[in-house]
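Okay, thanks for coming, everyone. Let me put the structure up and walk you through a few bits of it.

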Amino acid sequence: MALVRQYSGGANGNRSLERGIEILRAFRPGVDTLGNGEIAERTGLPRATVSRLTRTLVESGMLEDVRTERSYRLAAAVLSLAHAVRMGSPVLKALGPLMRAESTRRRLNVGLATADLAMMVYLESIRYNPPPMLRSIVAGQQVPMELTSLGRAYLAGIPELDRNRLIARFRRRSAAATKALIAEVKTSIRSVRRDGYCAVSWQPGVLAVATPIALNDGPVYALNMSLQDVEPTPVLGKEIGGYLMAFAARCKEVLSEPRAPTTEAHSSPPRTR
């Protein structure tokens, strides 16, 4: 069931731009192509509007027109934008090497994510010797905010008004967002406030522990450590939580250090005679 969205338009927003972004968001991993009707169903937009905007997105290079199927797929320009995010993120540049070293040291998976609407998107995912038969988590992959340690840690790190809006959204978008699930989310938030982290096992045999990292005047991130093929227990969660909190303190210390300006950005071109 599509969640009908409200578009601001007017002085503070561009209605067509917002709708175009929603069309791009309709494409998810596992779905190669979408037709106008499928896009309309996923976004809640009128089909005529979708038809007009998909033509514009094709012309701008963001979508490919698969004429044999009368459908569309994301174009290479979208991947280029994602690459620019990874290469240009100062947080990834600072924490990426630390995450790889910590994963090897602790023999744990280490991930960094932030919010994409009501989902969490991985900015980096270091997997420690994942078995071939298990699905690997990669940068750019989304996971449900309300079900995961990353999402619940993120919710604990944002202002209460934003958190309440997201919880209301969980209830609207999914019948699975029952009172019991929302109660679990709130329990995890209390755990973050009490211990600094929350432990969640939303997939069989996997235990994940996460903590929020909030930057001054910047986005809130969530850092996690996880272990697979285990029996999740409070004792194991506490052990991994201790590792995570020590590592998060180091990450915050690195992120708070002043960064030297890049030579390219501030150097003057050589003078010619």
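**The sheet, a helix pair and one ring**

So, let's start with the open sheet: six strands in the order 5-4-3-8-7-6, paired antiparallel. Strands here are DSSP E runs of at least two residues, helices are H or I runs of at least four, and both are numbered from the N terminus; two strands pair if DSSP finds at least two bridges between them. Strand 5 (142-144) and strand 6 (198-200) sit at the edges with a single partner strand each, so one side of each has no neighbour in the sheet. On average, neighbouring strands are turned by 35 degrees against each other, direction ignored.

Quick caveats: this is a predicted model, where local features need pLDDT of at least 70 and side-chain atom pairs 80 or more, while totals for chains, interfaces and linings use all residues. Residues are numbered from 1 along each chain as its sequence is written, and side-chain values use heavy atoms, with hydrogens and water left out.

Back to the edge: strand 6 pairs with strand 7 (residues 206-214) over three bridges, antiparallel. Ala-199 has Val-209 of strand 7 as its bridge partner.

Now the helices. Helix 6 (residues 149-157) packs on helix 8 (residues 179-195) at about 65 degrees, axes 9 Å apart. Those axes are lines fitted to C-alpha atoms, for helices over the stretch in contact, with angles from 0 to 180 degrees between N-to-C directions.

Last one: Arg-106 lies over the face of Tyr-243, 4.0 Å from the ring centre. That label needs NZ of Lys or CZ of Arg within 6 Å of the centre and within 35 degrees of the ring normal.
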